[in-house]
Amino acid sequence: MNIRIAAAGAVLSMSIGLSSAGAQATQIVDVRVQGPNDTYLAIEVLKTITVQNEYTRGYQRSLFKHWLDIDGDGCDAREQVLKRDAIGLPQVDPFKCFVVEADWLSPYDGVRTSNRTRVDIDHTVALKEAWDSGAWQWSEVRRTAFANDTSDTRSLIAASSSSNRSKGD
């Protein structure tokens, strides 16, 4: 299920994309606020959401090509996140865009390390969850973009290997 809620000025708009084996439906709920005393209960908006079972067949991690340089800056997504999430200034090989030395603090378990082999890059929305929720019908290009998305700091996070792996795929 793809849910997007955007509020701009006095308009609340909700777009809900629902997917089933080949069909796609979109429902728009537009709530206009006429004055400061007008309210629209969230429960009324939530009632418009259709709940569907997840698609749990066919997932393979290899369908999400990750740790690629999709933005063309010479750094793959893993190295970009290692640089971004380092505590302080990381030492980076300028020719390979490889983080040579840095310190990281895992947000999940508070583990601090300077050993890059003990740092995983966590897909905040797990690839399996994305698959079950609709990525099974995405193109390879879209799945690759999702798996390497560094445009939002919440998408990929440097975390301790132990905490990342404990949550599964």
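Tutor: Let's start with a definition: on a 1 Å grid over the protein atoms alone, a cavity is a set of points where a 1.4 Å probe fits but cannot get out, and lining residues have an atom within 4 Å of a point. Grid points are joined across faces, edges and corners, and a volume is the space filled by probe spheres set on the points. The model is predicted, with local features needing pLDDT of at least 70 and side-chain atom pairs pLDDT 80 or more, while totals for chains, interfaces and linings use all residues. Residues are numbered from 1 along each chain as its sequence is written, and side-chain values use heavy atoms, leaving out hydrogens and water.

Student: OK, what volume does the largest cavity have?
Tutor: Counting cavities of 30 Å³ or more gives 1. The volume of the largest cavity is about 40 Å³.

Student: Which element gives the most to the lining of the largest cavity?
Tutor: The lining includes W104, V119 and A158. Helices (H or I, at least four residues) and strands (E, at least two) are DSSP runs, numbered from the N terminus. Both β5 and β8 supply at least two lining residues. The top contributor, with 3 residues, is β8.

Student: Zooming out, in what order do the elements run from the N terminus?
Tutor: You've got 5 helices and 8 strands to place. Read from the N terminus on, they go β-β-β-α-α-β-β-β-β-α-α-β-α.

Student: What share of the residues counts as buried?
Tutor: Buried means under 20% relative accessible area, exposed over 50%, and partly exposed in between (1.4 Å probe, protein chains only). Of the 169 residues, the buried share is 32%.

Student: Which elements each supply at least two residues of the largest nonpolar core?
Tutor: A nonpolar core is a set of buried Ala, Val, Leu, Ile, Met, Phe, Trp, Tyr and Cys residues joined through side-chain atoms within 4.5 Å. The largest one here has 11 residues, including V81, W104, I121 and L156. The elements giving at least two residues each are α2 (77-85), β5 (98-105), β7 (119-123) and β8 (156-160).

Student: And how many residues are in the second core?
Tutor: That one is separate from the largest core, and F64, A135, W138 and A147 are among its members. Its residue count is 8.

Student: Why is the pair W138 and F146 classed the way it is?
Tutor: Rings of Phe, Tyr and Trp (its six-membered ring) pair if their centres lie within 6.5 Å; planes under 30 degrees apart are stacked, over 60 edge-to-face, the rest tilted. There are 6 aromatic pairs in the structure. For W138 and F146, the centres are 5.5 Å apart and the planes sit at 65°, so the pair is edge-to-face.

Student: Which residues form the aromatic cluster with W138 and F146?
Tutor: F146 is partly exposed, at 25% relative accessibility. Joining W138 and F146 in one aromatic cluster are Y59, F64 and W131.

Student: Is C97 buried or exposed?
Tutor: C97 sits in the loop between β4 (87-93) and β5, with a positive phi near 50°. Most residues other than glycine have a negative phi. At 7% relative accessibility, C97 is buried.

Student: What is phi of W67?
Tutor: W67 lies in the loop between α1 (42-46) and α2, and at 23% relative accessibility W67 is partly exposed. Phi is positive here too, though W67 isn't glycine, and the value is near 65°.

Student: How far apart in space are S139 and L63?
Tutor: S139 is in the loop between α3 (127-132) and α4 (140-147). In sequence, S139 and L63 are 76 residues apart. C-alpha to C-alpha, the distance is 9.9 Å.

How values were computed. 1 Å grid on protein atoms, 1.4 Å probe; cavity = no way out; pocket = protein on both sides within 12 Å on 5 of 7 lines; lining within 4 Å.
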